[in-house]
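Work through these exercises with the model open beside you. Try each task before you read its solution.

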Amino acid sequence: DKLIFVFLFFLQRVHCSPKVHADIVDVTNVIKGLVTLKDIPKIGIICGSGLGEIGDIIKESQILPYSKIPGFPLTNVVGHKGNLVFGYLGGKYVVCLQGRFHPYEHQMNLALCALPVRIMHELGVEILIISNAAGGINEHFKRGDMMLIRDHIFMPGLAGFSPLVGLNGDEWGPRFVSLHNQYDEALRAKGMQVAKQLDITMHEGIYVMNGGPQYESAAEIEFFKRIGGDALGKCLPCSDF
């Protein structure tokens with residue numbers, strides 16, 4: 001008889017609740033063990049639909065697929081590659097998400113959708129740049145125009161679907177969070193200045209988030225226009241918290 005030796009290698013799996021700070025720290029440490037950080041990434045970027053190529057132009061990049069990060073949600077939307085990319089962009093060391101998470105993919109678990117942002121915070125990110133493709137409802141907008149978000153109307157949040165629902169830990173800050181100047185005024189001014197220098201049409205406006213995945217009805221679009229909305233989408237601001 002021959003003896004067959006079978007060696008089993010078990011990868012350490014870290015349970016992660018997106019609402020437990022200690023779990024976020026554990027996953028962050030796993031990420032640090034899977035890549036070699038060359039600096040603290042103080043700038044985070046989330047690529048929206050059609051903008052994943054931002055991650056492809058990062059220099060000296062280290063690419064970590066979401067599938068290798070324990071507890072990390074996966075994205076199934078076309079055009080979202082599903083990678084965490086570290087490297088240099090414009091001379092700054094950044095971390096970039098090639099693909100975001102939509103609540104309608106994850107049973108409206110908005111805390112899970114915010115998990116990558118909380119991990120970015122633990123990695124040292126101080127400035128977060130989020131992009132997405134949205135539908136313009138402001139009649140002064142033209143197809144292909146860009147808009148900086150000045151403020152938002154968070155429809156799921158108004159119905160009780162918020163990343164902040166549940167017990168609040170002191171590590172996350174105060175229980176009742178002020179959203180005043182959530183979209184930093186100084187950074188918006190810088191964005192408008194750069195757009196002008198590059199001759200890019202740039203607006204500022206109010207972004208409306210709906211749960212999706214269905215598009216808005218004609219009546220809903222008219223309603224959002226009347227309450228001040230300029231653009232509609234199915235992500236932001238649930239990933240801001």
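**Exercise 1. Two domains**

Find the bounds of domain 1 and domain 2, then describe how they meet.

Solution.
- Start with the bounds. Domain 1 covers 18-133, and domain 2 is made of 134-166 + 183-233. Keep in mind that this is a predicted model.
- Next, the spacing. The C-alpha centres of the two domains are 22 Å apart.
- Then the contacts. Eleven residues of domain 1 touch 15 residues of domain 2.
- Now the area. About 940 Å² is buried between domain 1 and domain 2, with 69% of it on carbon and sulfur atoms. On the domain 1 side, Tyr104, Met108 and Leu110 lose the most area, together 46% of what that side buries.
- Last, the charges. Zero salt bridges are counted between domain 1 and domain 2.

**Exercise 2. The sheet and its edges**

Give the strand order of the open four-stranded sheet, and work out which strands stand at its edges.

Solution.
- Read the order: E6-E9-E8-E7, with mixed pairing.
- Look at the ends. Strand E6 (135-136) and strand E7 (146-154) each have a single partner strand, so one side of each lacks a neighbour in the sheet.
- Check one pairing. E7 and E8 (residues 202-209) run parallel and are joined by eight bridges.
- Pick a residue in that pairing. Ile153 lies opposite Val208 in E8.

**Exercise 3. Nonpolar cores**

Name the residues that touch the most other members of the largest nonpolar core, and find the element that gives the most to it.

Solution.
- This core has 24 residues; Ile31, Ile69, Leu84, Phe86, Leu97 and Ile119 touch the most other members.
- Sort by element. Helix H1 (21-34), strand E3 (83-89), strand E4 (92-98) and H2 each give two or more residues. H2 gives the most, with seven.
- Zoom in on Ile69. Leaving aside residues up to four places away in sequence, Ile69 touches Val27, Ile31, Leu64 and Leu84.
- Do not stop there. A second, separate core has nine residues, among them Tyr207, Met209, Ala231 and Leu236.

**Exercise 4. Two residues to classify**

Is Cys113 buried or exposed? Is Phe224 buried or exposed?

Solution.
- Locate Cys113 first. Cys113 sits in helix H2 (residues 110-123).
- Apply the cut-off. Buried means under 20% relative accessible area. Cys113 has 3%, so Cys113 is buried.
- Turn to Phe224, in helix H5. Its relative accessibility is 4%, so Phe224 is buried too.
- List what surrounds Phe224. Not counting residues up to four places away in sequence, Phe224 touches Ile137, Met155, Val208, Asn210, Glu216, Gly229 and Leu232.

**Exercise 5. Salt bridges**

How many salt bridges does a search of the whole structure find? Examine the pairs formed by Glu60, Glu139 and Arg188.

Solution.
- The search finds five.
- Take Glu60 with Lys38, at 3.1 Å from N to O. Glu60 is in strand E2 and Lys38 in the loop between H1 and strand E1 (43-47), so this pair ties together parts 22 residues apart in sequence. Glu60 is exposed at 52%, whereas Lys38 is partly exposed at 44%.
- Take Glu139 with Lys225, at 3.6 Å from N to O. Glu139 is in the loop between E6 and E7, Lys225 is in helix H5, and 86 residues lie from one to the other in the sequence count. Glu139 is exposed at 70%; Lys225 is partly exposed at 32%.
- Take Arg188 with Glu204, whose closest N and O atoms are 2.6 Å apart. Arg188 belongs to helix H4 and Glu204 to strand E8, so the pair ties together parts 16 residues apart in sequence. Arg188 is buried at 13%, and Glu204 is partly exposed at 31%.

**Exercise 6. Backbone exceptions**

What are the phi values of Glu60 and Asn181, and which peptide bond is cis at Pro213?

Solution.
- Recall the rule. Most residues other than glycine have a negative phi, and most peptide bonds are trans.
- Glu60 has a positive phi, near 50 degrees. Glu60 is in strand E2 (residues 59-65).
- Asn181 also has a positive phi, about 60 degrees. Asn181 lies in the loop between helix H3 (155-158) and helix H4 (185-197), and is partly exposed at 36%.
- The bond from Gly212 to Pro213 is cis, with omega near 0 degrees. Pro213 is in the loop between E8 and helix H5 (218-226).

Key
Residues are numbered from 1 along each chain as its sequence is written. This is a predicted model: local features need pLDDT of at least 70, side-chain atom pairs count only at pLDDT 80 or more; totals for chains, interfaces and linings use all residues. Side-chain values use heavy atoms; hydrogens and water are left out. Buried means under 20% relative accessible area, exposed over 50%, partly exposed in between (1.4 Å probe, protein chains only). Two strands pair if DSSP finds at least two bridges between them. A nonpolar core is a set of buried Ala, Val, Leu, Ile, Met, Phe, Trp, Tyr and Cys residues joined through side-chain atoms within 4.5 Å. Contact means heavy atoms within 4.5 Å. Domain bounds come from an automatic or database domain assignment. Buried area is the accessible area (1.4 Å probe) that two parts lose on being put together, summed over both. A salt bridge is a side-chain nitrogen of Lys or Arg within 4 Å of a carboxyl oxygen of Asp or Glu.
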